[in-house]
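Q: I'd like to learn how to read strands, pockets and ring pairs in a model like this one. Could you walk me through it?

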Amino acid sequence: MHTTYFRDHNGWNARTIIDIDGGRQLHIRTARKMYGTSGLETSASVWSPWKDGYLTHKTVVFGCGGDFSRHLAVTHPKRVTEKAVVEQHEQALGLIEQLRAEACAYYQQQSDAMASA
């Protein structure tokens, strides 16, 4: 598990990367919301190995396929400060084992569906 806190053009961010089964990585990210209403959003998504060492994240199309993804929290602090980002991100890190189990079950279900097709 590796966590980084950094500032970019969007303000303060936090990202944690956790290796899971099959060469996949679970990414937990906390940052200012990019779309819709303002706020601070934390999400989890799985990135899968592709070719030449790159990772890819496939979105769900018409309810089928895609990589695991969850919105974990949206808050509305007066300002998105480093402290607000760190606090919200650390709360989400308490869900790591649950998220890992959900992600593994998600891919097992996909594998079972492909095997029975």
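A: Happy to. Let's begin with a single bridge: Ser48 has Thr56 in β5 as its bridge partner. Keep in mind throughout that this is a predicted model.

Q: How many bridges join β4 and strand β5, and in which sense do they pair?

A: Two strands count as a pair if there are at least two bridges between them. Here β4 and β5 (residues 55-56) pair in the antiparallel sense over 2 bridges. The two strands form a hairpin with 5 residues between them. In that turn, Asp52 has a positive phi of about 55°.

Q: Which strand does β4 pair with over 8 bridges?

A: That one is β3, and the pairing is antiparallel. For a residue to look up, take Ala31, whose bridge partner in β4 is Glu41.

Q: How many bridges join β4 to strand β6?

A: There are 6 bridges between β4 and β6 (residues 69-75), and these strands run antiparallel. A good place to look is Ala44, which has Arg70 in β6 as its bridge partner.

Q: Let's turn to pockets. What is the volume of the largest pocket, and which residues lie nearest its centre?

A: A useful habit is to read the volume, then the lining, then the elements that supply it. The largest pocket has a volume of about 330 Å³. Its lining has 15 residues, and Arg29, Ala31, Glu41, Ser43 and Ser45 lie nearest the centre. So that you can place them on the strands: β3 (25-32) and β4 (40-49) each supply at least two residues of this lining. Ala31 and Glu41, the bridge partners from before, are thus both named among the residues nearest the centre.

Q: How do the residues of that lining divide by chemical character?

A: The lining of the largest pocket divides into 4 nonpolar, 6 polar and 5 charged residues.

Q: And how much space lies in the second largest pocket, and which residues line it?

A: About 170 Å³ of space lies there. Its lining consists of Arg24, Ser48, Pro49, Lys58, Gly66, Asp67, Tyr107, Gln110, Ser111 and Met114. The elements giving two or more residues to this lining are β4 and α2 (96-116). With 4 residues, α2 gives the most. By character, the lining of the second largest pocket divides into 3 nonpolar, 4 polar and 3 charged residues. Ser48, where we started with its partner Thr56, is one of the residues in this lining.

Q: How should I read a pair of aromatic rings?

A: A pair of rings is described by the distance of the centres and the angle of the planes. A search of the whole structure finds 2 aromatic pairs. In one, Phe68 and Tyr106 are edge-to-face, at 5.9 Å centre to centre and 65° between the planes. Phe68 lies in the loop between β5 and β6 and Tyr106 in helix α2, so the pair ties together parts that are 38 residues apart in sequence. Phe68 is buried, with a relative accessible area of 1%. The pair of Tyr106 and Tyr107 is also edge-to-face, at 5.2 Å centre to centre and 90° between the planes.

Q: Are Tyr106 and Tyr107 buried or exposed?

A: Both are buried. Ring pairs link Phe68, Tyr106 and Tyr107 into a cluster.

Q: Which residue lies over the face of Tyr107?

A: It is Arg24, at 3.8 Å from the ring centre. Both Arg24 and Tyr107 also belong to the lining of the second largest pocket.

Definitions and conventions
Residues numbered from 1 in each chain as written. Predicted model: local features only at pLDDT ≥ 70, side-chain atom pairs only at ≥ 80, totals over all residues. Heavy atoms only, no water. 1 Å grid on protein atoms, 1.4 Å probe; cavity = no way out; pocket = protein on both sides within 12 Å on 5 of 7 lines; lining within 4 Å. Points joined across faces, edges and corners; volume = space filled by probe spheres on them. Nonpolar A, V, L, I, M, F, W, Y, C, P; charged D, E, K, R; others polar. Phe/Tyr/Trp six-rings, centres within 6.5 Å; stacked < 30°, edge-to-face > 60°. Buried < 20%, exposed > 50% of the residue type's maximum accessible area, 1.4 Å probe, protein only. Lys NZ or Arg CZ within 6 Å of the ring centre and 35° of its normal.
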